[in-house]
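Colleague: Could you take me through one part of this model in detail, namely the aromatic pairing, and set it against the chain as a whole?

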Amino acid sequence: MRRLVVVLLASVLLAGCGGEKAETKRPAPALKDQQFIQQGVGHLTEGHFPEAIQSFDEAIKANPMDPRGYLILGETYMRLQNYPRAVDTLLAGIRVAPDMGELYYLLAINQGLLGKREEAIEYAQKSILLFQQDHDEEN
C-alpha cells in the first residue's frame, strides 16, 4: 500500500503543477532535475530509500527553484519517520514556492507528528487557504 501511495504521489509530482506553458518555460537544468526525480521514484518503488534521498538531493541541486524536489524529499523523510528532516526540507521548499499548498500540508502533518500542535494548526490553515485560492482561480 505504501508503494502505491509513493508511486501515486510521484506521478502527480512528475505530471507537474502547471499547464503546458510552465513546461515550455523551464530552463535547461530542469531536464536534469526531472531525471533525478524519476530516478529517485524508481529507488522508492524498489524500497531503496538512501538512493532515493540521494537522487532527490541531486534534483534540488540541479534546480533549486523547483519545489517538487523539496516536496518529494520531504515526503520521503516523513515515510522514514525522520520528521525533523522532513520539516527542514519542506521549509526550504516553502522559501522557493511560498504559494504551494502541498508543502504546507505536509509540513502540518510533520509538525503534528512531532507534537507541535500549534505549528501544525498554523500550517494546516495556510494549506487550506492556498488550496481554496487555487480552487477559486480555477473556477
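Modeller: What follows begins with the fold and then turns to the aromatic rings. The model is a predicted one, and its chain holds eight helices and zero strands, so that the order of elements from the N terminus on reads α-α-α-α-α-α-α-α. A search of the whole structure finds one aromatic pair, formed by Tyr 104 and Tyr 123, whose ring centres lie 6.2 Å apart with 35° between the planes. The arrangement counts as tilted, because that class takes in angles that are neither under 30 degrees, as for stacked rings, nor over 60, as for edge-to-face ones. Tyr 104 belongs to helix H7 (residues 101-113) and Tyr 123 to helix H8 (residues 117-138), so the pair, with its members 19 residues apart, links distant parts of the chain.

Both partners can also be described by their exposure: Tyr 104 has a relative accessible area of 8% and is therefore buried, and Tyr 123, at 17%, is buried as well, because the cut-off for that class is under 20%. The ring of Tyr 104 has a further neighbour, since the charged end of Lys 126 sits over that ring, 5.8 Å from its centre.

As for the wider setting, buried residues make up 38% of the 139 residues in the chain. Among contacts with a separation of 6 or more, 52% join residues 24 or more positions apart. The accessible surface of the chain comes to about 8300 Å², and carbon and sulfur atoms account for 56% of that area.

Conventions: Residues numbered from 1 in each chain as written. Predicted model: local features only at pLDDT ≥ 70, side-chain atom pairs only at ≥ 80, totals over all residues. Heavy atoms only, no water. Phe/Tyr/Trp six-rings, centres within 6.5 Å; stacked < 30°, edge-to-face > 60°. Helix = DSSP H or I, 4+ residues; strand = E, 2+ residues; numbered from the N terminus. Buried < 20%, exposed > 50% of the residue type's maximum accessible area, 1.4 Å probe, protein only. Lys NZ or Arg CZ within 6 Å of the ring centre and 35° of its normal. Contact = heavy atoms within 4.5 Å. Areas by Shrake-Rupley, 256 points an atom, 1.4 Å probe, with all protein chains shown as cover.
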